[in-house]
Amino acid sequence: LPDAVVLWTRLVADPFDAAAMGRRDVAVRWEVAADERFATVVRRGTALARPELAHSVHVDVRGLRADRVYWYRFRTGRFVSPVGRTRTAPETYSRPNRLRVGVVNCQDFQNGYWPAYVGLAAEDLDVVVHLGDYIYEYDPQSAYPDRRHTAPETPGLDQLVTLADYRARHAQYKTDPALQRAHAAFPWIVTWDDHETENNYAGLVDEIDDTAARHQDPAAFARQRAAAYQAYYEHMPLRRAAVPGSPDYRLYRRFEFGDLVRLNVLDTRQYRTDQPGGHPSDFGPIADGLGNAAGTLTGPEQERWLAEGLRTTHARWNVLAQQVMVSQIRFPNFLDPAHPFPPIANLDQWDGYDPARTRLLRLLRDARTPNPVVLAGDIHSTWCSDLRIDRDDLAAAPVAVEFTATSVSSDFPAAFDGPLKAANPTLNPHVRYFDGSRRGYLRMTVDRERWLTDVRTVDSIATRESPVRTSASWAATAGVPGLTPA
Ligand SMILES: [Fe+2]
């Protein structure tokens, strides 16, 4: 916010056992300074780290100056935290000339290391946006001995269930030095996807392919979701939006960067209807999504809130920061490689909820929302696309552009990369760029005339450090529909 930031930390005696901190509240002193050496401390105070919230600390520091860099640190007993750097947003009624944003998602700890975060931390950014899959719920199994997941209390389900499970997993992810560096370098705006709770859940319906003992009734899954949401809050720099132990948490919210960018952060998991068709994987017939008349990814309340935000905006760029691709994608039929046609759809994405997507795209057109930009993740590959109401009407002006960020470390099957690169020009001509072979993040430089997205990728995730390069650059020009290569 222009006058506030949330500072976060957590006290641990043993990162994998929250109970090791004991049952007592612990006082934590915090300081915010205008300089790295803390010569000019502008705010200070004491917060209580409480056992009910795993001794996490969230300080909502108010009264700061807009568009400033600040440094902060925590102190308790003889312990002093490393110094973090953060930044306030520009004044609400200002006219900023530039915003630099990093976009990340999907960091499966077990699949490799995070040189992407070493690269991200070295960028010159105003804010980082995380689009979800901050943790993965799976059981321990990794090619790297030091990247094996914590063991959940109920092994064999391949999912976390209890609050202790989720806390230990979040704490494990937070032990990574590259991730720590990226958090210490910038303020983060976060939203979750499915794996912070359970793969492919929808509202209070658990994973689509869960059967028998793994399948839970909604009341049991509500308890698991409450544990997952509480642990997420405990480990993220969030303003509190629910009572701990509640299965609901309002995560969708808006951020303004002067009149340059309005950032609508969505939650497409908590309120969605079940994926159509009941298929055992993400994939199914395209028709299932087209016919999903009652389907919603946002729920009616969030949809109204979003529509209001897109109708009333005065921002030059209007961003939807959300989890799954809006772009219509025809996938060659991976389920039956001998018969790649007819193509299929990923029904966990907006393709499974086509009528809801059409409502969204029509709204952007009819409301004349200035320069809409959709951010997405979830699919562990980079996609830059023009969004049209009718995907095949290439003569029509796109109503928005979409940038889908590749994963920090989560797997994209190498076998899908070549066939998609070959098929996209004919099956999905609105996709201007696709690459499934590299891990990394997106770097966005936004000014009043142009939105520039650089696809920043690492050579390998088999090592903790790896060179970062720009493997592609795509831009949108204010007032001009669609993407252009940059
Ligand atoms: Fe993911």
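## Two domains and two buried residues

The centres of domain 1 and domain 2 lie 28 Å apart, taken over C-alpha atoms. The model is predicted. Its protein chain splits into domain 1, residues 1–88, and domain 2, residues 90–485. This briefing covers the interface, then Thr369 and Asp348.

**How the domains meet**

- On the domain 1 side, 28 residues make contact, and they touch 27 residues of domain 2.
- Together the two domains bury about 2100 Å². Carbon and sulfur atoms account for 57% of that area.

**Polar links across the interface**

- Two salt bridges are found across the interface of domain 1 and domain 2.
- Asp60 and Arg239 form a salt bridge through their side chains, with N to O at 2.9 Å.
- Ten residue pairs are in polar contact between domain 1 and domain 2, counting pairs with both residues at pLDDT 80 or more.

**The domain 1 side of the interface**

- Three elements each give two or more residues to the side of domain 1 that touches domain 2: β1 (5–10), β4 (56–61) and β7 (84–87).
- The residues on this side of domain 1 comprise 15 nonpolar, five polar and eight charged.

**Thr369**

- Thr369 sits in the loop between α7 (354–366) and β16 (372–376).
- Its relative accessible area is 6%. Buried means under 20%, so Thr369 counts as buried.
- A polar atom of the Thr369 side chain lies 2.9 Å from the backbone oxygen of Leu310.
- Leaving aside neighbours within four places in sequence, Thr369 contacts Leu310, Thr313, Asn318, Leu363 and Leu364.
- Leu310 therefore appears both in the contact list of Thr369 and as the partner of its side chain at 2.9 Å, around a residue that is buried.

**Asp348**

- Asp348 belongs to the loop between β15 (345–346) and α7.
- Asp348 is buried, because its relative accessibility is 1% and the cut-off is under 20%.
- The side chains of Asp348 and Arg269 are joined by a polar contact of 2.7 Å.
- Beyond neighbours within four places in sequence, Asp348 is in contact with Asn200, Arg269, Arg272, Gln275, Asp282, Val324, Tyr353 and Asp378.

**Where the two loops sit**

- Helix α7 borders both loops: the loop of Asp348 lies between β15 and α7, and the loop of Thr369 lies between α7 and β16.

Methods. Residues are numbered from 1 along each chain as its sequence is written. This is a predicted model: local features need pLDDT of at least 70, side-chain atom pairs count only at pLDDT 80 or more; totals for chains, interfaces and linings use all residues. Side-chain values use heavy atoms; hydrogens and water are left out. Domain bounds come from an automatic or database domain assignment. Contact means heavy atoms within 4.5 Å. Buried area is the accessible area (1.4 Å probe) that two parts lose on being put together, summed over both. A salt bridge is a side-chain nitrogen of Lys or Arg within 4 Å of a carboxyl oxygen of Asp or Glu. A polar contact is a pair of N or O atoms within 3.5 Å; within protein, one must be able to donate a hydrogen and the other to accept it, and residues adjacent in sequence count only if both atoms are side-chain atoms. Helices (H or I, at least four residues) and strands (E, at least two) are DSSP runs, numbered from the N terminus. Ala, Val, Leu, Ile, Met, Phe, Trp, Tyr, Cys and Pro count as nonpolar, Asp, Glu, Lys and Arg as charged, and the others, Gly among them, as polar. Buried means under 20% relative accessible area, exposed over 50%, partly exposed in between (1.4 Å probe, protein chains only).
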